[in-house]
Amino acid sequence: MSRIALVLGCGGTIGGAWMIAALHALTEQTGFDPREADVLLGTSAGAELMTMLAGGIGVDELVDMQRGRACDPRLREHIASTPPSRPPRPRLPLLNPGLLRTHSGLAALTGIAPTGRGDASWLQRLAEGFEVGSWLPHPGARIVAYDVRAGERVLFGAPDSPMATVGEALRASWATPGWMPPVPIGDRIFVDGGMGSTASVDLISPEDADLVYVLAPMASAPGVRIPGPGGGVEYRMIRRPMSTVLHAEIATVRARGTTVVPILPTTADLAGLTPNFMNGSRRVAAFESSMRTAPHTVRAALEANGADV
């Protein structure tokens, strides 16, 4: 039997809605239950969804959460606490200007971002609602964050990873520079794992899985972007560099002999989304649009990558 890993990338409020629609289509078409994956690896919004899946929440329950009819009080409270569409004014100091000299792309820009002042307590409450003992119930649960001093990704929950509570790891993974506050853990400072990689699929080893499903709402095929001027800016500043890194990581994992099925938003998917992936006022519309477009996107991804439907 194949060992399966599910990798959920960063994407904010809107990307999280798209991932739930894509997960729903994936389960419908393959019979795969994400809760049964051998490894669940999440970054930022992906770590948020991974926390719920690793805590036993099914995809149908996540769909109900998006539609405002969840039965689980933890899900009702969480969706009601979706952060505002714009951050509070950040403050100095900058996170680590030295990254400009040693890194490139989003990792370098992270260093000159000011310190965010958003309220991350909604993530802490979510984590505490599913935490069992020192971690999540699923033994393969992993959360990616970015060490802003060392300029490297860290995989919480993996063997030999730094000790952290689920709340610390989740807040760290979601700590978007300039928006949410960085998270100190031990003598290290962490921000959003998406600053190092949109999904960190290369952190899946051959021992972890034979088949990897990757859902990455902030990456796409070359030239595929959200329509309009805002989509052009989003593509140049975020989507294109994140996509470049992701495609290189996928090539690395495939070279190890692992089957990778990237499920990325298509032109049809992106037409129903918004350049501001934190725009909570567009969440419901984006989700319902994704529920219509994601089935075709998932089927095409499965067929293109040799996965059985």
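The legends below describe an overall view and four close-up views of a predicted model.

In this predicted model, local features need pLDDT of at least 70 and side-chain atom pairs count only at pLDDT 80 or more, whereas totals for chains, interfaces and linings use all residues. Residues are numbered from 1 along each chain as its sequence is written, and side-chain values use heavy atoms, with hydrogens and water left out.

**Figure 1. Overall view of the chain, with its eleven helices and ten strands.** Helices (H or I, at least four residues) and strands (E, at least two) are DSSP runs, numbered from the N terminus. The radius of gyration, taken over C-alpha atoms, is 18 Å, close to the 19 Å that the globule rule gives for 309 residues, so the chain is as compact as a globular protein of that length; the rule is 2.2 Å times the number of residues to the power 0.38. Of the 309 residues, 57% are buried, a term that means under 20% relative accessible area (1.4 Å probe, protein chains only).

**Figure 2. Close-up of helix H7 (residues 121-130) and its buried residues.** These are Trp 122, Leu 123, Leu 126, Ala 127 and Phe 130. Seen down the axis of H7, they fall within an arc of 135°, so they line one face of the helix; the arc is that of the directions from the helix axis to the C-beta atoms. The buried residues of H7 pack against helix H2 (45-54), helix H4 (73-80) and helix H8 (166-173).

**Figure 3. Close-up of the crossing of helix H1 (residues 12-30) and helix H3 (residues 59-66).** The two axes, which are lines fitted to C-alpha atoms over the stretch in contact, come within 9 Å and cross at roughly 145°, the angle running from 0 to 180 degrees between N-to-C directions. Contact, meaning heavy atoms within 4.5 Å, is made by Ala 17, Ile 20, Leu 23, His 24 and Thr 27 of H1 and by Val 59, Asp 60, Leu 62, Val 63, Met 65 and Gln 66 of H3.

**Figure 4. Close-up of Ser 44 in the loop between strand S2 (39-43) and H2.** Ser 44 counts as buried, because its relative accessibility is 3%. Leaving aside its neighbours within four places in sequence, Ser 44 is in contact with Cys 10, Ser 173, Trp 174 and Asp 192.

**Figure 5. Close-up of Thr 293 in helix H11 (residues 283-304).** With a relative accessibility of 17%, Thr 293 also counts as buried. Its contacts, neighbours within four places in sequence left aside, are with Ala 268 and Asp 269.

Terms used. Buried < 20%, exposed > 50% of the residue type's maximum accessible area, 1.4 Å probe, protein only.
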